Amino acid sequence: MSVQSVERALDVLEALAEHGGEAGLSEIAARTGLPYGTIHRLLQTLLARGYVRQESDRRYALGGGLVRLGGIAESMVGVWAQPYLTRMVELSGETANLAVLEGDFVVYVAQVPSPRRLRMFAEVGRRVLPHSTAVGKVLLAGRPASEAVAVFERTGMPRRTPNTITDVSAMLTELGAVRSRGYAMDLGEEELGVHCLAVPVQDGDRVVAAMSVSGPAERIDALNRDHLAERMRKIALDFGHELAPG
């Protein structure tokens, strides 16, 4: 049985998140369909608990109280992901990673290393920009194009290697291709000599994370990408079912 006041408070928090972490009353009302008076009462409770803060222009933003919860939740998701990442390592022979989008950055939250001597590492907790990584492309391909463009405009899409895509239009075309084929590639765009293949993790209709395998370019290129991606998507789907509510 659901509790209506709890559901409404979560609706407000999700509305703020979908507006980039900050929104006015009218934007929250448009997203949630709740009356202004109800939203205001919910916000006062969330303000008092530190889960929302009010800015000087009277807009509302996600508050610092969520950081502690988010950090704990993120670490738990990393623990839950381990058996699924292990399956990806067994499938590919390469290092497997789990990453999420936090603001304008991709954050690696879990990893299972390849058993091979020569292997790739992306340290857990490492933050990178999304445009030069396969996981970042997967995460942004699951968002509206306008949101992706806003991220690119804020980050400036710096060139990491000669292979990095730094043009917004070219990246939007790339994201369209990612959506069509169901996976993304990083072909030495973040680090020369390292290639990566990533697939989305979905909680219902939302892309909430990305799972990837990465390794030396010659080993990744020797794999059948479509076949590997199909099997990786099955693993990611299983993990998404574990994350999904209910």
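**Figure 1. L197 faces V213 across a strand pair in this predicted model.** The bridge partner of L197 in β9 is V213. β8 spans residues 194-203, and β9 spans 206-216. The two strands pair in the antiparallel sense, over 10 bridges. H195 of β8 stands opposite G215 in β9. Between the strands of this hairpin lie 2 residues. G204, in the turn, has a positive phi of about 75°. L197 also has contacts away from its sequence neighbours, leaving aside those within four places. Among them are A134, Y183, A184 and M185. M211, S212 and V213 are also on the list. So are R225, L228, A229 and M232.

**Figure 2. An open sheet of 6 strands contains β8 and β9.** The strand order is β6-β5-β4-β9-β8-β7. The pairing is antiparallel. β6 (127-128) and β7 are the edge strands, each pairing on one side only. Is β8 enclosed or open to its surroundings? Of its 10 residues, 8 are buried, so β8 is largely enclosed by the rest of the structure. In a regular strand the side chains alternate between the two faces of the sheet.

**Figure 3. β7 joins β8 at the edge of the sheet.** β7 covers residues 184-187. It runs antiparallel to β8, and 4 bridges join the two. A184 stands opposite A198 in β8. The hairpin of β7 and β8 has 6 residues between the strands. Within this hairpin, G188 takes a positive phi near 70°.

**Figure 4. The largest nonpolar core holds 28 residues.** Which members touch the most others? They are L85, M88, L98, L197, V199, M211 and F239. Helices and strands both contribute to this core. The helices that give two or more residues are α4 (65-92) and α9 (225-243). The strands that do so are β4 (95-102), β5 (105-112), β8 and β9. A second, separate core has 25 residues. A122, A141, L175 and A198 are included in this second core. In soluble globular proteins, nonpolar side chains tend to be buried together.

**Figure 5. V135 is buried in helix α5.** The helix covers residues 134-141. V135 has a relative accessible area of 1%. Burial here means under 20%, so V135 counts as buried. Which residues does V135 touch, not counting those up to four places away in sequence? They are A99, V106, Y108, A198, A210 and S212. G24 lies elsewhere in the chain, 111 residues from V135. The C-alpha atoms of V135 and G24 are separated by 31 Å.

**Figure 6. The second largest pocket has about 210 Å³ of space.** Its lining is made of 15 residues. Closest to the pocket centre are Y108, A122, R126, V194 and S214. β8 and β9 each supply at least two lining residues. What classes of residue line this pocket? The lining has 7 nonpolar, 4 polar and 4 charged residues.

**Figure 7. M157 has a positive phi without being a glycine.** Its phi is about 50°. Most residues other than glycine have a negative phi, and most peptide bonds are trans. Where is M157? This residue lies in the loop between α6 (145-155) and α7 (168-181). M157 is buried, with a relative accessible area of 3%.

**Figure 8. L118 sits in the loop between β5 and β6.** Leaving aside neighbours within four places in sequence, L118 is in contact with P216 and R219. L118 and E94 are 24 residues apart in sequence. In space, the two lie 9.6 Å apart, C-alpha to C-alpha.

**Figure 9. An open sheet of 3 strands has the order β1-β3-β2.** The pairing is antiparallel. The edge strands are β1 (22-23) and β2 (52-54). Each of these edge strands pairs on one side only. β3 covers residues 60-62. How many bridges join β2 to β3? There are 3, and the strands run antiparallel. V52 has L62 in β3 as its bridge partner.

Key:
Residues numbered from 1 in each chain as written. Predicted model: local features only at pLDDT ≥ 70, side-chain atom pairs only at ≥ 80, totals over all residues. Heavy atoms only, no water. Core = buried A, V, L, I, M, F, W, Y, C linked by side-chain atoms within 4.5 Å. Buried < 20%, exposed > 50% of the residue type's maximum accessible area, 1.4 Å probe, protein only. Contact = heavy atoms within 4.5 Å. 1 Å grid on protein atoms, 1.4 Å probe; cavity = no way out; pocket = protein on both sides within 12 Å on 5 of 7 lines; lining within 4 Å. Points joined across faces, edges and corners; volume = space filled by probe spheres on them. Nonpolar A, V, L, I, M, F, W, Y, C, P; charged D, E, K, R; others polar. Pairing = 2+ DSSP bridges.
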